[in-house]
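The following exchange asks on what grounds each structural label is assigned. Each reply sets a computed value against the criterion that applies to it.

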Amino acid sequence: MQTSTRDRIVLAAARLVQRQGYVGTGIKQIAKEADATLGSVYHFFPGGKEAVAVAAIKHGDEEFAAILREALDGEEDPAAAVEGCARSLATALRASGWTDGCPVTAAALETLGTDSEIQRACADALRGWQDLVADRLLRAGLARPDARELAGTIISTLEGAEVTAQVTRSEEPLLQAGRQLARLVATYR
């Protein structure tokens, strides 16, 4: 099946924003990577670079949510599921040469303090991932307030561990976070 021009633009932008951030990614570079004309980019995204970036972040959100869902549902025990998720992230990050971390981190950090569509898309992604983890913990029998708070801790810890793993070019921060989060989750059972 052939990928549409719009989809190629979104996929290229998602990869570039994930690796280079919003500021480091140009609209011409997106067009070139997508094998599309600049006119096509503006046709599909009349809002320009910000509109493309928002679509790219939403794509990254959906892609990461699927990975997170698979990892969380891969184990019956929620503690093992969280540790498995961290291990999966570590493996994927190493395989990418330490470049393909969280699909929203760079753009989120670059737009701090703004009320931009980019910042809202990043916040929505993080909340959505927290909801996925909370739902998994609820299914394991945790009380709603505990599941919600623990899910926030898990997502925040994994986010920080992933950045640290990228900077140090080591899986260990994610593996350590996974082990410690698993211990924490187990205390709720």
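Q: What makes a stretch of chain count as helix or strand here?
A: Helices are DSSP runs of H or I with at least four residues, and strands are runs of E with at least two. The model to which this criterion is applied is a predicted one. By that assignment, residues 26-45 are 75% helix and 0% strand, with end C-alpha atoms 14 Å apart.

Q: Where does the name "DNA-binding region" come from?
A: The name is taken from UniProt, where an unreviewed entry places this feature at residues 26-45. Such annotations may be inferred rather than shown by experiment. UniProt also places "domain: HTH tetR-type", again from an unreviewed entry, at residues 3-63. Over residues 3-63 the chain is 75% helix and 0% strand, and the end C-alpha atoms are 16 Å apart.

Q: What makes the span of helix H7 agree with expectation?
A: The expected span is 1.5 Å times one less than the number of residues. Helix H7 (residues 117-139) has 23 residues and should therefore span 33 Å; its end C-alpha atoms are 33 Å apart, so the two values agree.

Q: How does the span of H5 stand against the value expected at 1.5 Å a residue?
A: H5 has 18 residues and reaches 26 Å from its first C-alpha to its last, close to the 26 Å expected.

Q: Which residues of H7 are called buried, and what do they pack against?
A: A residue is buried when its relative accessible area is under 20%. In H7 the buried residues include Ile118, Cys122, Trp129, Leu132 and Leu137. The buried residues of H7 pack against helix H4 (49-73), helix H5 (78-95), helix H6 (105-110), helix H8 (144-168) and helix H9 (172-186).

Q: Which residues of H5 are buried, and what covers them?
A: Among them are Pro78, Val82, Cys85, Leu89 and Leu93. Their cover includes H4, H7, H8 and H9.

Q: How do you know how many disulfides there are?
A: A disulfide requires a pair of cysteine sulfur atoms within 2.5 Å. A search of the whole structure finds zero. The sulfur of Cys102 is 8.0 Å from the closest cysteine sulfur, that of Cys122, and this is too far for a bond. Cys122 is likewise in no disulfide, its nearest cysteine sulfur being that of Cys102 at 8.0 Å.

Q: Why is Cys102 counted as buried or exposed?
A: The relative accessibility of Cys102 is 7%. The limit for buried is under 20%, so Cys102 counts as buried. Cys122 is buried as well, because its relative accessible area is 1%.

Q: Why is Glu149 classed as buried or exposed?
A: Glu149, which is in helix H8, has a relative accessibility of 63%. Exposed means over 50%, so Glu149 counts as exposed. Glu149 and Ala134 are 15 residues apart in sequence and 8.1 Å apart in space, C-alpha to C-alpha.

Q: What makes the phi of Asp35 a point to record?
A: Asp35 has a positive phi of about 55° although it is not a glycine. Asp35 lies in the loop between helix H2 (27-34) and helix H3 (38-44). Its relative accessible area is 65%, so Asp35 is exposed.

Q: What is the phi of Arg169, and where does Arg169 lie?
A: The phi of Arg169 is near 55°, a positive value in a residue other than glycine. Arg169 lies in the loop between H8 and H9. With 54% relative accessibility, Arg169 counts as exposed.

Q: What makes an empty space a cavity rather than a pocket?
A: In a cavity a 1.4 Å probe fits but cannot get out, whereas a pocket is an open set of points. Two cavities of 30 Å³ or more are found in the whole structure. The largest cavity has a volume of about 40 Å³. The lining of the largest cavity includes Phe64, Leu89 and Trp129, and H8 gives the most to that lining, with four residues. The largest pocket has a volume of about 340 Å³. Of its 19 lining residues, the closest to the centre are Gln18, Glu63, Ile67, Asp100 and Gly101.

Key. Residues are numbered from 1 along each chain as its sequence is written. This is a predicted model: local features need pLDDT of at least 70, side-chain atom pairs count only at pLDDT 80 or more; totals for chains, interfaces and linings use all residues. Side-chain values use heavy atoms; hydrogens and water are left out. Buried means under 20% relative accessible area, exposed over 50%, partly exposed in between (1.4 Å probe, protein chains only). Contact means heavy atoms within 4.5 Å. On a 1 Å grid over the protein atoms alone, a cavity is a set of points where a 1.4 Å probe fits but cannot get out, and a pocket is an open set with protein on both sides within 12 Å along at least five of seven lines; lining residues have an atom within 4 Å of a point. Grid points are joined across faces, edges and corners, and a volume is the space filled by probe spheres set on the points.
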